[in-house]
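Colleague: I should like to learn how to read a ligand site. Please take me through it.

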Amino acid sequence: MIKGKHLIDPMDFTVEELNEVFELASQIISCPEKFSHVCDGKILATLFYEPSTRTRFSFEAAMMRLGGKILGFSEPNSSSVSKGETLSDTIKMVSIYTDIVAMRHPKEGSAKVASLFSTVPIINAGDGGHQHPTQTLTDLLTIKMLKKGLDNHTIGICGDLKFGRTVHSLIKAMSRYKGNKFVLISPQELKIPQYIREEILKKNNIEFIEVERLEDVIEQIDILYMTRVQKERFFNEEEYLRLRDSYILNKEKMSGAKDDMIVMHPLPRVNEISYEVDDDKRAVYFKQAEYGMYVRMALIAKLLGVL
Ligand code: CP
């Protein structure tokens, strides 16, 4: 029962609670019309202190497809944030006006802070380089639908493993399912944070390797999760320019992969997947973004307790 909960970290829900969300998402996928009025009279706030295409639009589309309404901002300077209003005061106000809030903020921990001042469910839509739990719901639903379940996969994660919040959330979430192994592919400078290596992988005896070359390992991988080098988290432009094209997945590299491997990416991509890969049946990143809307429909309905 997740009615009224906040979703700040992917581990806030038990595996059983996640299953409830995925079960509802697959019912919505089968017959979306059946759910088009379940949120009549409800309002979702989308507070985006950082840019977004998929997360904000998919939340808004999700609420509209459930019959609810939306309000919010995509540019904090259009609200009283520009006059110096604190996050806690903004959240107190918004939780009076609306029934549920999705918030993206550049500061790690901001969603947790918001949850302390809110009387309605807060959904973390990304807090700095920390977590992005609804991307994880999207990723898990995609894997469940396209790879027949969440167990026994070799998951290659490639690119910016240091700043990529989707990576941190995905490793945490997939570590709870049995038999999963990780192949972590990154330059030395962008390796996963120590806390993920020690507290999640080693502590739970999860098998993993860390390598620098995608070509050396691609043939082992069942799910290849490509990521963008996170320009906005770098302090040094030169360093970003040096690392941004560390990995470019193209047809040639794909020829070394399994026939049933899937390529995922949270998007947006910059250069890390060539456009020529889009036509490969193994490229599922646009399908993944579509599942993101359906899983957010299920999440909103469950948190509001309407289903
Ligand atoms: N995947 C994702 O978070 O995309 P946006 O930044 O466009 O929301």
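Colleague: Which pocket is the space taken by the ligand?

Modeller: On a 1 Å grid over the protein atoms alone, a pocket is an open set of points with protein on both sides within 12 Å along at least five of seven lines, whereas in a cavity a 1.4 Å probe fits but cannot get out. Here the ligand takes the space of the largest pocket. This is a predicted model, in which local features need pLDDT of at least 70 and side-chain atom pairs pLDDT 80 or more, while totals for chains, interfaces and linings use all residues. Residues are numbered from 1 along each chain as its sequence is written, and side-chain values use heavy atoms, without hydrogens and water.

Colleague: Which residues surround the ligand?

Modeller: A residue counts if one of its heavy atoms lies within 4 Å. The shell holds Ser-52, Thr-53, Arg-54, Thr-55, Arg-104, His-132, Gln-135, Pro-266 and Leu-267. Domain 1 (10–131 + 292–304) and domain 2 (134–288), with bounds from an automatic or database assignment, both contribute residues to this shell, so the ligand lies between them.

Colleague: Which side chains have a polar atom beside a ligand oxygen?

Modeller: A polar contact is a pair of N or O atoms within 3.5 Å. Ligand oxygen atoms lie 2.7 Å from a polar side-chain atom of Thr-55, 3.0 Å from a side-chain N or O of Arg-104 and 2.9 Å from a polar side-chain atom of His-132. The protein covers 92% of the ligand's own 250 Å² of accessible area (Shrake-Rupley method, 1.4 Å probe).

How values were computed: Polar contact = N/O pair within 3.5 Å; in protein donor to acceptor, adjacent residues only side chain to side chain. 1 Å grid on protein atoms, 1.4 Å probe; cavity = no way out; pocket = protein on both sides within 12 Å on 5 of 7 lines; lining within 4 Å. Sits in = over half its atoms within 2 Å of the grid points.
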